[in-house]
Amino acid sequence: MATSAHRIGGGRPLSMDLSAHGARFMDPAFEAYLDALDTLVDQDRDDLGEIVAEEVRKLVRCCDWLPEDCCEPGVDSYRRHVLYADPRGRYTVLAVVWRPGQTTPVHGHTAWGAVGVYRGTPSVEAYRCDDGATAELCGEFCCCPGQVSHVSAGVEAPHRIFNDSDDIAITIHTYGRDLTEDPASINIVL
Ligand SMILES: [Fe+2]
């Protein structure tokens, strides 16, 4: 699967330093999201994905903060754009763009994660994996803009995300590790 990472700027957007980080980061909703993440990820708790998802809900409720070049799809596969990587490696925020028909494999994750729908109507197949190797389909649903979900590290609840609609879909993903070099390494493909 092609992973086309697009990284905006070289680090955390700073409101006092437009020239170093780019005005595209100056959206207040995205800044507020990063501020919330910085506080949350230092907490030692097992439900980080779930509580970060509540912050994602606020972010994807806001429209049109994502720069146009981060809405660009891939040709042969869904495309990841790295929006922001925490300098301390605690988390990475990505926009994932899906053309009609594009899909992930069935997969789990190497870290906790929170996901929200920014645009379009992507679909999800939910699986169960009791033996750590074999995925059994247990549900399918279509998502709407503003909808959020969360995942834990591991393969106990694998899933497949795909775009079964006729329009581009965009989802915002935050994962609890540094994915700057290899965003695809978040997935454990079954
Ligand atoms: Fe996933």
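Angles over 145 degrees between two directions count here as roughly antiparallel. Keep that cut-off in mind for the helix pair I start with. The model is predicted.

The helices, then. Helix H2 covers residues 28–40 and helix H3 covers residues 48–61. They pack with their axes 9 Å apart, at an angle of about 165°. By the cut-off I just gave, H2 and H3 are therefore roughly antiparallel to each other. Their crossing is right-handed.

Which residues in H2 and H3 meet? On the H2 side they are Ala29, Phe30, Tyr33, Ala36, Leu37 and Leu40. On the H3 side they are Leu48, Ile51, Val52, Glu55 and Leu59. Sorted by class, the contact of H2 with H3 has 10 nonpolar residues, no polar ones and 1 charged one.

Now the sheets. I will take the one that involves H3 before the other.

This sheet is open and has 5 strands, in the order E1-E2-E9-E4-E7, and the pairing is antiparallel. Strand E1, residues 79–85, and strand E7, residues 148–151, are at the edges. Each has a single partner strand, so one side of each is left without a neighbour in the sheet. From one strand to the next, the twist averages 20°.

Inside that order, look at strand E4, residues 113–119, and strand E9, residues 169–175. E4 and E9 pair in the antiparallel sense over 6 bridges. To pick out one position, glycine 116 has isoleucine 172 in E9 as its bridge partner.

Where does H3 touch this sheet? H3 packs on the sheet and touches E4, E7 and E9. The direction of H3 makes about 15° with that of E4. H3 thus has contacts to report on two counts: with H2, through residues such as Ile51 and Val52, and with those three strands of the sheet.

On to the other sheet. It is also open, with 5 strands in the order E6-E5-E8-E3-E10, and the pairing is antiparallel. The edge strands are E6, residues 136–142, and E10, residues 187–189, and each of them pairs on one side only. Neighbouring strands of this sheet are turned against each other by 35° on average, with direction ignored.

At the E6 end, the neighbour is strand E5, residues 123–128. E5 and E6 pair in the antiparallel sense over 6 bridges. For a position to find on screen, take serine 123: its bridge partner in E6 is cysteine 142.

That covers the helix pair and both sheets.

Terms used
Residues numbered from 1 in each chain as written. Predicted model: local features only at pLDDT ≥ 70, side-chain atom pairs only at ≥ 80, totals over all residues. Axes fitted to C-alpha atoms, helices over the stretch in contact; angles between N-to-C directions. Helix = DSSP H or I, 4+ residues; strand = E, 2+ residues; numbered from the N terminus. Parallel < 35°, antiparallel > 145°, perpendicular 65-115°, else oblique. Left-handed = near helix turned anticlockwise from the far one by under 90°. Contact = placed C-beta atoms within 7 Å. Nonpolar A, V, L, I, M, F, W, Y, C, P; charged D, E, K, R; others polar. Pairing = 2+ DSSP bridges.
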